[in-house]
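Trainee: Please select one part of this model and describe it closely, and then set it among the other parts of the chain.

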Amino acid sequence: MFARVKKAGRHEYLQIVENRRENGKVKQRVISTLGRLDELQSKGRVETLVRSLSRFSEKALLILSGKSDPKAQARKIGPALIFERLWIQTGIREILVGLLKDRKFEFDVERAIFLMVLHRLMVSGSDRFCYRWLGDYQVNGAKGLELHHSYRAMAYLGEELKDQKDALFSPRRIKDVMEEELFLTRRNLFSNMELVFFDTTSIYFEGRGGETIGKNGHSKDHRPDLKQMVVGVVLDNKGRPLCCEMWPGNTTDVKTLIPIVKRMKKRFGIQRISIVADRGMISQEVLNWLESSENNMEYILGVRMRKVKEVKRDVLSRSGRYQQVVPQKQKSKDPSPLKVKEVRIEDRRYIVCLNPAQSRKDKADRQAIIESLERTLKQGSKTLVGNKGYRKYVKIVKNSMSVDFDKVKNEERFDGKWVLRTNMNLPTAEVALRYKELWMVEQIFRNVKSLLVTRPIYHQRDDTITGHVFCSFLALVLMKELEHKLAQAGFCFEWEEIKQDLKALAEVIIEESGKRFVVRTESQGVCGKVFQAVGVALPPTIRALATAAKKRKV
């Protein structure tokens, strides 16, 4: 049956009609003529009839403005749908479930950890804020979780193992087992660590900083007044986070590279590793160890140009033509220009890298400083106190100050340059490009410290601190996996754009007269492409939910 409008003369009439089959043909029969359409509409009788009929349907929900009082509840669904799938695809959920199978927690630890990781990915906020944030999101299995469950879940990740044979600066913990299991899920017969990238950073504490891990040391956050910890991250040659190490805050960078390489070989069963590390990792002891007959390890290491005499005196002054690797930018998104040349000092191989655009910028910035310095010198020496930009170009003779043009000329040698030392047989250009990939690690740390709001840390126990930082590491694993999926699908989106459009995807649950329906909002921006890349189907636009009465019967 259906409704139709029948026109007769100047008026239209509303009829209820049914289709029926007679002698093999479909015919229509008028069941009832309800009246003139304009009169029914003016008196609101159409709405009254439809509303009355809707009471006898389990799949129809009628909302009449001003004449109904439905309940509506909205939940954001995009982030959980995408990262839940990646949580499964990377193997993290399976690993956690396996580790927890013999443990008897009174809450779902795996769900608590996933919730914290998702929170780190999507918003800026403390662990305490996570459960207020959850009120706006749909996360399966998160109902009933509370703040103290998150603290216990983080403590579980940082729980010390009985087997401490490969401990380095800090004890082996549950999180180390997870990293090793994650590596095995990616590994095949042809896997090796052809290239790994390693860098460190410091994260400060608000408070005493745990039982042992919080120490005073060189702060990259410029907070020497606070205790801190050192975090090292290793990425594989595809840019995926491999593991993270956490050490007391007084551990220096040059002391970390050798132990981390030794431990990686044991933890992951790797025979051959080629290491790429920044200039803060390099020392003569490190170089001797890498080049020893026992290790014979390949490396690409940054060199401190201004502090290594051989580089200042011989490498930078060696003549030779540069080879162009990357041309000048044509568009803003093009990679930075790059030129390289090789310099050999006895059996030591150096690569001098030059960014012409950065060189011009360095020169212009220095010229602006010199011009400002000359004006400032005329006003008196007191204005120079505490100005680091001026200080290195000032020459003091007896009681007078002037611009030291010898220092200015010497500084020109470093414009737009960086120097690498390597024992690899790769072409010069490829060595430089491989080192530039190390900047992925620096981007990772920017994500850890700002995007994922790992700092400052307020926890006061080593196990909870470790779990807190490791949740950020797991978030990075998911983020890099999403980037990998998008790249495979031919997409490249900004992270903030992805977050915004995923958060815009929501479901609204509407309930009236015991009936419950879910209406999904429209997919906006890049959201649909993200779902496509990850292989997740968008939920239906409208679907019915079981009523409260049906739930009780079940």
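Mentor: The account below takes up one pocket and then moves on to other parts of the chain.

The model is predicted, and local features therefore need a pLDDT of at least 70, side-chain atom pairs count only at pLDDT 80 or more, and totals for chains, interfaces and linings use all residues. Residues are numbered from 1 along each chain as its sequence is written, and side-chain values use heavy atoms, with hydrogens and water left out.

The part chosen is the second largest pocket, whose volume is about 570 Å³. Its lining comprises 23 residues, and those closest to the centre are Arg75, Tyr137, Gln138, Val139 and Asn140. A pocket is an open set of points on a 1 Å grid over the protein atoms alone, with protein on both sides within 12 Å along at least five of seven lines; lining residues have an atom within 4 Å of a point. A volume is the space filled by probe spheres set on the points, which are joined across faces, edges and corners. The elements that each supply at least two lining residues are helix α3 (78–89) and strands β16 (506–512), β17 (515–520) and β18 (542–545). Of the contributors, α3 gives the most, with 5 residues. Helices (H or I, at least four residues) and strands (E, at least two) are DSSP runs numbered from the N terminus. The lining of this pocket divides into 13 nonpolar, 3 polar and 7 charged residues. Here Ala, Val, Leu, Ile, Met, Phe, Trp, Tyr, Cys and Pro count as nonpolar, Asp, Glu, Lys and Arg as charged, and the others, Gly among them, as polar.

The search for enclosed space gives 3 cavities of 30 Å³ or more in the whole structure. A cavity is a set of grid points where a 1.4 Å probe fits but cannot get out. The largest cavity holds about 70 Å³. It has 11 lining residues, and Ser170, Pro171, Arg173, Lys175 and Met246 lie nearest its centre. Helix α8 and strand β7 (241–248) each supply at least two residues of this lining, which has 4 nonpolar, 2 polar and 5 charged residues.

Helix α8 (174–186) also belongs to the surroundings of α7: the buried residues of α7 pack against α8, α4 (92–100), α5 (109–122), α6 (130–133) and α17 (462–488). The buried residues of α7 (147–157) include His149, Ser150 and Tyr156. Buried means under 20% relative accessible area, exposed over 50%, and partly exposed in between (1.4 Å probe, protein chains only).

Strand β15 (417–422) is largely enclosed by the rest of the structure, because 5 of its 6 residues are buried. Strand β9 (298–303) pairs with β15 in the antiparallel sense over 4 bridges, with Ile300 opposite Thr422. Strand β12 (348–354) likewise pairs with β15 in the antiparallel sense, over 6 bridges, with Ile351 opposite Leu420. Two strands pair if DSSP finds at least two bridges between them.

As for the chain as a whole, the secondary structure comes to 20 helices and 18 strands, and 46% of the 554 residues are buried. Among contacts (heavy atoms within 4.5 Å) between residues at least 6 apart in sequence, 64% join residues at least 24 apart.
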